[in-house]
Amino acid sequence: MVARKRSTNFWHLDGSVVVQVQNTLFRLHRSRLMQQSDYFSALFSGDGRCVSVRVFGRASLVAEDRRDSIGGEEPDVVDSCPVYVARGVSVLDFERLLTALDAGIAYAINPPPFPVLASLLRAAHTLKFKTILGFATHLLREQWPQDLSRISSEPRAHAVETIHLAQQCEVPEVLKNAYYELLRTPNFGQDLAVYLHAESADDSHPLNIATEDDEKNAPPQRLDASDFVRLVRAKDALQKEWMTVVCVAPLPSVVPCPLAPFVNDKNAGEEKLRSAKTCAETRAGDEVEWTLRLIDNGVFERGMADPIGGLQSLVEMDWADMGYCVGCVRERRDAWTEQREKLWKRLDVLLGLKGDDEDM
């Protein structure tokens, strides 16, 4: 039998129950756990039934009877307190969950860093702490919003971890943004040499991380092969969309110039006539120089890495300074903004998160 140790921070002398997580014992208050957690409420009922919980995305049966959980007929007792085994959660995650129960207001004012948030979400999901689960889910959604207008062009960390977390804890709404972050990151954020030759990801599995030192020293989490294929397919489709944008300047039939009728109109005002001619000359020049212009200013390259970001770069370019009239600038920006929003919506289908019939 593996030697057990008592938790340094969570061994309350007035506690009424001992919870064993892996090889660590926690002396806690039974009534509080039952109030906060459906899992512990069922576990402490002692009627010998089993409850079904989801542990890292898979259904598992967890014994409610403490005698069954320790593999013996006689109940396990420590310091006159009954011992119950909580399964499917790591020591570090459980400790962070207990800390959150004691410091809820502090976390509401100063949200925890991502590793702590991940621990809270995993533990609360597995052990069914509804309040903590709702809080952690809300924070994760705020960090990975679905609204395109809220997505920053700045790189963000923890995309791979977020994907695993969302899949394990059933928060699918954050997947699209996390996948998108990897789509615009070289090699999808993976060290390909390590990825191709690694035999196992066990060292980075949350259940194998018992301390903060373990967490710091654990290798980065890797994408599943299915997710890697998903990203390759989506990137290929996005780049094809981008090439249709950058290979040919917007056609007059698609983005007409509102001043085009006044190019040869002698009755038009001098300023309007000058603007119309300048815009016409600029548009004519772009029929030849369009792609070269985008290569020279780096927009072409950015769009190949991130087509949705590339479209935003087109929107933000100073077209008026190049000679385009106010109407052409507005029409182009509106067209690229609309195309960007459609591509973002289409990304659900490209990533396999929705079917074609759901892309409405």
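Student: Which residue forms a salt bridge with R4, and how far apart are the closest N and O atoms?

Tutor: A salt bridge is a side-chain nitrogen of Lys or Arg within 4 Å of a carboxyl oxygen of Asp or Glu. Here R4 pairs with D76, and the closest N and O atoms are 2.7 Å apart. The two residues link distant parts of the chain, since R4 belongs to the segment before β1 (5-11) and D76 to the loop between α3 (66-69) and β6 (77-78), 72 residues apart. This is a predicted model, in which local features need pLDDT of at least 70 and side-chain atom pairs 80 or more, while totals for chains, interfaces and linings use all residues. Residues are numbered from 1 along each chain as its sequence is written, and side-chain values use heavy atoms, without hydrogens and water.

Student: Are R4 and D76 buried or partly exposed?

Tutor: Relative accessible area decides (buried under 20%, exposed over 50%, partly exposed in between; 1.4 Å probe, protein chains only). R4 is partly exposed, with a relative accessible area of 28%, whereas D76 is buried, with a value of 14%. Across the 360 residues of the chain, 43% count as buried.

Student: How many salt bridges does the chain hold by this rule, and which residues meet R122 and R184 in such pairs?

Tutor: The count comes to 18 salt bridges. In one of them, the side chains of D93 and R122 meet with a N to O distance of 2.8 Å, and this pair again links distant parts of the chain, with D93 in helix α4 (residues 91-102) and R122 in helix α6 (residues 114-127), 29 residues apart. Both D93 and R122 are buried. The side chains of E181 and R184 form another salt bridge, at 2.7 Å from N to O, and E181 and R184 are both buried. Salt bridges that share partners also join R6, R27 and D79 into one network.

Student: How many helices and strands are there, and at what angle do α9 and α17 cross?

Tutor: Helices (H or I, at least four residues) and strands (E, at least two) are DSSP runs, and the chain has 17 helices and seven strands. The axes, lines fitted to C-alpha atoms, of helix α9 (residues 175-183) and helix α17 (residues 326-350) come within 11 Å and cross at roughly 100°. The two helices are therefore roughly perpendicular to each other, a label for angles of 65 to 115 degrees.

Student: Which residues of α9 and α17 meet?

Tutor: With contact taken as heavy atoms within 4.5 Å, K176, N177, Y180 and L183 in α9 meet W344, K345, L347 and D348 in α17.

Conventions:
Axes are lines fitted to C-alpha atoms, for helices over the stretch in contact, and angles run from 0 to 180 degrees between N-to-C directions. Angles under 35 degrees count as roughly parallel, over 145 as roughly antiparallel, 65 to 115 as roughly perpendicular and the rest as oblique.
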